[in-house]
Amino acid sequence: MALCPTQHHPLSSFFLSPPSNSKYAGNAAITTVPLDLPRIRAGHSRFRCSAGQTGFFSKLGRLIKEKAKSDVDKLFSGFSKTRDNLAVVDELLLYWNLSETDRVLDELEEALLVADFGPKITVKIVECLREDIYAGKLKSGSEIKDALKRSVLELLTTKGTKTELQLGFRKPAVIMIVGVNGGGKTTSLGKLAHRLKKEGAKILMAAGDTFRAAASDQLEIWAERTGCEIVVAEKEKAKASSVLSQAVKRGKQGGFDVVLCDTSGRLHTNYSLMEELIACKNAVGKVVAGAPNEILLVLDGTTGLNMLPQAREFNEVVGVTGLILTKLDGSARGGCVVSVVDELGIPVKFVGVGEGVEDLQPFDAEAFVSAVFS
């Protein structure tokens with residue numbers, strides 16, 4: 001018989017995640033670095049959830065998603081460069097008239113391309129606008145702009161569904177962070193831990209980046225900053241899969257809600273390192289059925305459309321469930337969000353819009369469209 005929550009808890013629903021076949025890989029000596037901080041909420045240890053009842057995890061995902069709407073000002077400021085780049089759209093449409101339609105649409109197409117919306121999407125949007133204009137459906141500059149915004153929103157929402165975290169129904173939920181070198185994986189993991197911790201989740205970090213000497217130190221700083229515990233390799237050259245496996249075991253035994261697994265940065269063209277990700281995925285799946293619940297790929301927004309081949313390769317190897325786009329505050333390439341979703345059908349779950357601990361924002365398509373088109 002399914003267990004129910006033994007008391008009212010504000011985080012009270014979940015999403016089911018299908019189990020995956022897995023194979024355990026290796027062992028490594030590890031050490032847990034506790035920070036001895038009190039549980040966030042009284043009674044948390046008495047909360048139990050199961051597949052038969054709405055419970056902790058989907059409410060957690062919804063709460064984080066809802067924060068995207070309340071944090072719209074940060075998203076707005078984070079996309080200021082993209083918005084400035086697209087300010088020409090207002091200029092083009094301000095005095096629009098039918099006789100200048102082709103010229104205006106050509107310049108609109110150029111503006112979207114410069115903002116990295118991508119040629120395929122740009123042509124699709126512009127040709128739809130052209131068709132509606134000549135059919136008499138759009139009769140003013142403001143109507144054209146509204147139609148433009150609707151087109152972008154439709155592209156994002158049609159293919160980029162399930163932008164909330166899907167954390168399953170077994171504790172601990174496991175999230176793996178993957179990506180190329182320098183994209184911001186460890187920083188994104190730390191910021192994500194901060195967000196989850198704020199919503200009452202008990203977080204364990206796993207330092208699975210065993211190649212980079214300073215990676216564990218960097219993650220320990222984030223653990224201290226966010227008040228989370230961390231598992232690191234005790235011996236040099238420990239296998240990443242073993243570290244992550246041991247961390248998930250620790251998470252299971254210690255009553256943690258979420259285990260956040262860092263991994264080594266790797267070029268998507270390096271076959272052996274990409275194979276190691278498969279071992280990491282299989283190792284955690286051996287400990288908790290269905291894990292990892294999320295495999296989040298971190299993509300550097302300053303690379304623009306060059307991120308697409310990276311995403312294709314990582315998705316083919318480990319099955320990416322969501323994207324974190326970082327450094328979008330530093331470039332005018334915010335349109336790449338639309339291109340990635342349209343090309344791969346993988347939802348963007350978070351965007352990095354600044355350097356602060358609060359600047360990893362849950363992605364919300366409507367807020368994004370409002371932020372990039374003034």
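The second largest pocket here has a volume of about 260 Å³, and keep in mind that the model is predicted. Its lining is made up of 13 residues. Thr210, Ala233, Lys235, Glu236 and Lys237 are the ones that lie nearest the pocket's centre. Sort the lining by class and you get 6 charged residues, 5 nonpolar and 2 polar.

Now for strand 3, which covers residues 203-206. Which way do its side chains go? Ile203 and Met205 point one way, while Leu204 and Ala206 point the other way. Whichever way they point, all four are buried.

Strand 3 pairs with strand 4 and with strand 5, and here is how those pairings look:

| Partner of strand 3 | Residues | Bridges | Direction | A facing pair |
|---|---|---|---|---|
| Strand 4 | 229-233 | 3 bridges | parallel | Leu204 and Glu229 |
| Strand 5 | 258-261 | 4 bridges | parallel | Ala206 and Cys261 |

So much for the overview; take the residues one by one. Leu204, a buried residue of strand 3, stands opposite Glu229 of strand 4. Ala206, which points the same way as Leu204 and is buried too, has Cys261 of strand 5 as its bridge partner. Ala233, one of the residues nearest the centre of the second largest pocket, falls within strand 4 (residues 229-233).

Last, a stretch from the annotation. UniProt, in an unreviewed entry, puts the feature "domain: SRP54-type proteins GTP-binding" at residues 347-360. How much of that span is helix and how much is strand? In the model, residues 347-360 are 0% helix and 43% strand, and their end C-alpha atoms lie 16 Å apart.

How values were computed:
Residues are numbered from 1 along each chain as its sequence is written. This is a predicted model: local features need pLDDT of at least 70, side-chain atom pairs count only at pLDDT 80 or more; totals for chains, interfaces and linings use all residues. Side-chain values use heavy atoms; hydrogens and water are left out. Buried means under 20% relative accessible area, exposed over 50%, partly exposed in between (1.4 Å probe, protein chains only). Helices (H or I, at least four residues) and strands (E, at least two) are DSSP runs, numbered from the N terminus. Two strands pair if DSSP finds at least two bridges between them. On a 1 Å grid over the protein atoms alone, a cavity is a set of points where a 1.4 Å probe fits but cannot get out, and a pocket is an open set with protein on both sides within 12 Å along at least five of seven lines; lining residues have an atom within 4 Å of a point. Grid points are joined across faces, edges and corners, and a volume is the space filled by probe spheres set on the points. Ala, Val, Leu, Ile, Met, Phe, Trp, Tyr, Cys and Pro count as nonpolar, Asp, Glu, Lys and Arg as charged, and the others, Gly among them, as polar. UniProt positions are given in the numbering used here, feature names are shortened, and annotations may be inferred rather than shown by experiment.
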